Amino acid sequence: MGFFSPLFQPPGAKAKRNRFIELVTTKNDPGHAALTRRKALALMSTTAAAAFVPAFDLDAAPLQYTLKPQRLTDGIWMIPGAQEAISQGNGGAIANVIIFDTSAGAVIVDTGPSRRYGEALAKLARDLTGKNIARVYLTHFHPDHVFGNQAFGADQIAAPKGVIDGLKVMGEGFADAMYRTAGDWMRGTELVLPGKAIETGVEDFGNRRIRSLTMRGHTSSDLVLFDELSGVLIGGDLAFLDRAPTTPNADIERWRISLANLGGIPHRLLVPGHGPAEDGTRAIQQTRDWLVAINEIISKAFERGLSMNEAMAEPLPKWTEKIALARYEYERSVTHLFPKLEADGLPRVDVETP
Amino acid sequence: MQRPPHFLIKHISRLSLFALVTMMACAPSPSQAEMPKDPLDSTMWEDLSKRFFGTAPIVFDDKVRVVVPSLVENQAQVPVTADARALRDVKKLIVFADLNPITHVLTLSPRKAKPYISFRMKVEQATPVRAAALTGDGVWHVGGVFLDAAGGGCSAPAMARKMADWSETVGQTQAKLWRELDGSARVRLKVRHPMDTGLATDNTPAYFIETLKVRGSEGKALADIEMFEPVSEDPTLTLMLRLPASTINVELEARDNNGGLFQSSVPAPWRQSQAQ
Ligand SMILES: [Zn+2]
């Protein structure tokens, strides 16, 4: 099901889609058919809005990600994501990805935005460690963190049950959204569900023991990882640094509690989901400050009777000028948080209320 | 259910517009020269302006503002504000989106209201969103913006509504009124309704609120709103009323295309608390 077909089905759209699939379907495997469906969707919107949308070139040379690993400490690398929104320029490579060298093999945290990214990541991990992949963890179900899964065996991929359930419900929608925003970088990408459900616990990789802690707040299920050997703490998207946090599936109160818990874990280095890895807790404090600030601005705007458009135009605190995508993410957060404020905060006025 | 003929006309006109798009480059219409140039440079403009304005005079006017977000987070719920408060004597304010399968979104007749409406709409793709204000002299003042529909990739997908039992909740209304310092009153209201377009692949028939009447003391008309299928599920509106201080309640009456009638009454406080 397409992203918006439940809303509108323009006349003639079905016929167009089918004709296009006939033209380009050469193999019979379901993955290929699904891809052409998305291509067809993209093509359809270009035909309808020819003057406005850049063309989607099927014959263009494949795009390539250049992964630049930063060494964090002995045997641990981070591939930093761009401090940007997902775009056709960055191919959706905006989230941090971590590679551990362990005596059992390479351990990877998050797989990036697309099949092509995942394949480059798997190769990089083998090159850096000289070993095969022992384990892949997913911190949460957001598309910039999980669509490289195809490069790995499903049984290698571990995530909390809540992450797997979230992908089952929202994965297809996320895939469609990624095709629309990242474009051709997504070619061949299909959702792969993790084969291993994990809870809070420890996994032994010989020289390294990696602790899993299940939390929530950024989404309904956020995985935090801690490497006992190095003291590296991976916060996933519970922690952002110098880039505004995203809230499409957030529970702000829960998130603040999880941040307090995260800050209580002694660590040598904190790796946020987006932004630089640092010692100390700057990412935790900044994420908390951001959530407190936007929650207050948006709640006050609602209480004053402002519409969503007016709320989006409200000023942000001076300190947020240094944060990448502050205005962009604030506007998104208005969209995420306003409906609940309206549902809870506007009184019932039906004449025949029991 | 009352609208099928109307629908049909819309669909036919859209199909013919597709044909028009491809022909435009080589065969400009002769009437093009008489029309003011569309600042948004939409291929649909000529046809749409004929449909909405006929032969009435049109001016593109910055006094009619359309506010949309810089990105579309959820295509099912795009917040839009149409604001013609900078004009005097506005009789009608219509909102339409050139490239939506159903272009006409709503019409506000601001009888004792400011020519201003904020709401949420569905968009299928990037499209111009226009507001046109008809002033007492018979001139249409047109403003608009281009809405880029490519949203945040992390966005929550617009999930198909599960077969929720709408009969339980349809028509439930929530609202609140704020007295403003200039003596006007701001109303925010939300009416539970699926607002089905009739175009979904699952053959759900069109089912949407067609009219919303806003009335003051003794049934005095404050505003009338005509809504169409592109208005989002659970229509959530912001209006600005010129409300006498003596008004105690504002009455709302929404009607859908299945004959559903939903009435509610919004208390109008004497003066808005300035607390906080
Ligand atoms: Zn995330």
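This report walks through the two chains of a predicted model, from overall make-up to helix packing and a few individual residues.

## The two chains at a glance

Let's start with chain A. Its 354 residues are 57% buried, and its secondary structure comes to nine helices and twelve strands. If you take the contacts in chain A between residues at least 6 apart in sequence, 66% of them link residues at least 24 apart.

Chain B has 276 residues, and 58% of those count as buried. Here the secondary structure consists of three helices and 15 strands. For contacts in chain B between residues at least 6 apart in sequence, the share that joins residues at least 24 apart is 64%.

## H6 against H7 in chain A

Now for some helix packing. Helix H6 of chain A covers residues 252-263 and helix H7 of chain A covers residues 282-303. Their axes sit 10 Å apart, and the packing angle is about 160°. Anything over 145 degrees counts as roughly antiparallel, so that is how H6(A) and H7(A) run with respect to each other. The crossing of this pair is left-handed.

Which residues do the meeting? On the H6(A) side you'll find A:Ile252, A:Trp255, A:Arg256, A:Leu259, A:Leu262 and A:Gly263, and on the H7(A) side A:Ile284, A:Thr287, A:Arg288, A:Leu291, A:Val292 and A:Asn295. By type, the residues of this H6(A)–H7(A) contact split into seven nonpolar, three polar and two charged.

## H7 against H9 in chain A

H7(A) has another packing partner to look at: helix H9 of chain A, residues 326-345. The two axes come within 9 Å and cross at roughly 50°, which makes H7(A) oblique to H9(A). This crossing is right-handed, whereas the one between H6(A) and H7(A) is left-handed.

From H7(A), the contact uses A:Trp290, A:Ile294, A:Asn295, A:Ile297, A:Ile298, A:Ser299 and A:Phe302. From H9(A), the residues are A:Ala326, A:Glu329, A:Tyr330, A:Ser333, A:Val334, A:Leu337, A:Phe338, A:Leu341, A:Glu342 and A:Gly345. The tally for the H7(A)–H9(A) contact is eleven nonpolar, four polar and two charged. One residue to keep an eye on is A:Asn295, which takes part in the contact with H6(A) and also in the contact with H9(A).

## Two buried spots in chain A

A:Val271 belongs to strand S12 of chain A, residues 269-274. With a relative accessible area of 1%, A:Val271 is buried. What surrounds it? Setting aside neighbours within four places in sequence, A:Val271 is in contact with A:Leu72, A:Met78, A:Asn96, A:Ile98, A:Val232, A:Leu233, A:Ile234, A:Gly235, A:Gly236 and A:Ala277. As for A:Asp289, its C-alpha is 18 Å from that of A:Val271, with the two positions 18 residues apart in sequence numbering.

A:Trp185 sits in the loop between helix H5 (161-182) and strand S7 (196-198) of chain A. At 9% relative accessible area, A:Trp185 is buried as well. A:Leu63 is 122 residues away along the chain, but the C-alpha atoms of A:Trp185 and A:Leu63 are separated by 6.1 Å. Beyond its neighbours within four places, A:Trp185 is in contact with A:Leu63, A:Gln64, A:Tyr65, A:Gln88, A:Gly89, A:Gly91, A:Ser114 and A:Arg116.

## The largest nonpolar core

The largest nonpolar core has 58 residues. The members that touch the most others are B:Ile117, B:Phe119, B:Met121, B:Leu189, B:Leu212, B:Val214 and B:Val250.

Zooming in on B:Val250, and skipping residues up to four places away, the list of what it touches runs B:Leu177, B:Val214, B:Arg215, B:Leu222, B:Leu241, B:Leu243, B:Ser264, B:Ser265 and B:Val266. B:Val214 is on that list and is also one of those core members with the most contacts to other members.

## Two backbone oddities

Most residues other than glycine have a negative phi. A:Leu325 has a positive one, near 60°, and lies in the loop between helix H8 (308-312) and H9 of chain A. Its relative accessible area is 23%, so A:Leu325 is partly exposed.

B:Met195 also has a positive phi, near 50°. You'll find B:Met195 in the loop between strand S10 (185-191) and strand S11 (209-215) of chain B. Buried or exposed? B:Met195 counts as buried, at 1% relative accessibility.

Notes. Residues are numbered from 1 along each chain as its sequence is written. Chains are lettered from A and ligands numbered from 1 in the order in which they are written. This is a predicted model: local features need pLDDT of at least 70, side-chain atom pairs count only at pLDDT 80 or more; totals for chains, interfaces and linings use all residues. Side-chain values use heavy atoms; hydrogens and water are left out. Axes are lines fitted to C-alpha atoms, for helices over the stretch in contact, and angles run from 0 to 180 degrees between N-to-C directions. Helices (H or I, at least four residues) and strands (E, at least two) are DSSP runs, numbered from the N terminus. Angles under 35 degrees count as roughly parallel, over 145 as roughly antiparallel, 65 to 115 as roughly perpendicular and the rest as oblique. A crossing is left-handed if the near helix is turned anticlockwise from the far one by less than a right angle, and right-handed if clockwise. Contact means heavy atoms within 4.5 Å. Ala, Val, Leu, Ile, Met, Phe, Trp, Tyr, Cys and Pro count as nonpolar, Asp, Glu, Lys and Arg as charged, and the others, Gly among them, as polar. A nonpolar core is a set of buried Ala, Val, Leu, Ile, Met, Phe, Trp, Tyr and Cys residues joined through side-chain atoms within 4.5 Å. Buried means under 20% relative accessible area, exposed over 50%, partly exposed in between (1.4 Å probe, protein chains only).
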